[in-house]
Structure formats: structure tokens, C-alpha cells
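Okay, thanks for coming, everyone. I'll be quick today, so grab a coffee and have a look at the screen.

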Amino acid sequence: RNAGSWVLGAAFSADGSHVVTCSSDQTVRNWDLTTGASVQTLADSHSDQAWGVAFDPSGGRFCSVGDDRAIRVFEATVAGGE
């Protein structure tokens with residue numbers, strides 16, 4: 001669970017270093033699996049719950065889909081802070 005909401009989808013980067021999650025609070029997060037830290041938080045990415053995510057094969061981008069019928073594409077942050 002993300003703080004106060006349910007994680008509804010997750011996807012791993014091709015190299016296994018990151019996982020992207022999406023949740024019922026409309027937030028999409030990119031997690032560094034080496035540190036366990038969120039390196040990217042995209043709050044209110046959708047106007048309703050986000051329920052699916054996927055990385056592109058290069059790991060440079062990921063997308064999310066939600067109940068608002070929108071598909072969003074984001075550049076992936078792979079190092080540094082949020």
C-alpha cells in the first residue's frame with residue numbers, strides 16, 4: 001500500500017532496478033529497488049484511480065492508465081531524489 005491507498009498495479013524495469021506502482025489515490029510512483037526509495041512521485045496523475053503501469057523496453061519511459069480512461073506517458077527518473 002501507498003500511504004492510505006491501495007496499490008493497484010506494478011511493473012518492473014527490464015533491468016530489474018526499478019518498479020513503478022500505481023494506486024487508488026491517483027498516484028504513480030517510481031521506486032529504486034536498490035535503496036527502496038521512491039525516486040519519482042507523480043501525484044494526481046489521473047483524475048480517478050490509476051490501475052495499470054508498464055515500462056518501455058529501454059526503461060527510459062513508463063506509462064499509466066486509469067479509470068479516467070487516460071493513458072499517461074512519463075520520462076523515468078533513474079537516479080537522484082523525487
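I'll go through the sheet, then the core, then the aromatic rings. Keep in mind that this is a predicted model.

So, the sheet. We've got an open sheet of three strands here, in the order β5-β6-β7, and the pairing is antiparallel. Which strands sit at the edges? Those are β5 and β7, each of them pairing on one side only. Going from one strand to the next, the twist averages 20°. If you zoom in on β5 and β6, you'll find five bridges joining them. To pick out one position, G52 has V65 in β6 as its bridge partner.

Next, the core. In general, nonpolar side chains in soluble globular proteins tend to be buried together. Here, the largest nonpolar core has 11 residues, among them V20, C22, L42, A50 and V53. Also in that set are A11, V28 and A76, plus F55, F62 and F74. Two strands that each give at least two residues to this core are β2, residues 18-23, and β5, residues 50-55. And which one supplies the largest share? That's β5, with three residues.

A11 is a nice one to click on. Leaving out residues up to four places away in sequence, A11 touches H18, V19 and V20, and also V53, A54 and F55.

Now the rings, my favourite bit. As a reminder, you describe a pair of aromatic rings by the distance of the centres and the angle of the planes. How many aromatic pairs do we get? The count comes to two. One of them is F55 with F62, an edge-to-face pair at 5.7 Å centre to centre, with 65° between the planes. Then there's F62 with F74, and that pair is tilted: 5.4 Å centre to centre and 35° between the planes. This second pair links distant parts of the chain, since F62 is in β6 (residues 61-66) and F74 is in β7 (residues 71-75), 12 residues apart.

Put those together and F55, F62 and F74 make one aromatic cluster.

So are these rings buried or exposed? F62 has a relative accessible area of 2%, so F62 is buried. F55 comes out at 15%, and because buried means under 20%, F55 counts as buried too. F74 is also at 15% relative accessibility, so the verdict there is buried as well.

That's my tour, happy to rotate the model if anyone wants another look.

Terms used: Residues are numbered from 1 along each chain as its sequence is written. This is a predicted model: local features need pLDDT of at least 70, side-chain atom pairs count only at pLDDT 80 or more; totals for chains, interfaces and linings use all residues. Side-chain values use heavy atoms; hydrogens and water are left out. A nonpolar core is a set of buried Ala, Val, Leu, Ile, Met, Phe, Trp, Tyr and Cys residues joined through side-chain atoms within 4.5 Å. Buried means under 20% relative accessible area, exposed over 50%, partly exposed in between (1.4 Å probe, protein chains only). Helices (H or I, at least four residues) and strands (E, at least two) are DSSP runs, numbered from the N terminus. Contact means heavy atoms within 4.5 Å. Rings of Phe, Tyr and Trp (its six-membered ring) pair if their centres lie within 6.5 Å; planes under 30 degrees apart count as stacked, over 60 as edge-to-face and the rest as tilted. Two strands pair if DSSP finds at least two bridges between them. Axes are lines fitted to C-alpha atoms, for helices over the stretch in contact, and angles run from 0 to 180 degrees between N-to-C directions.
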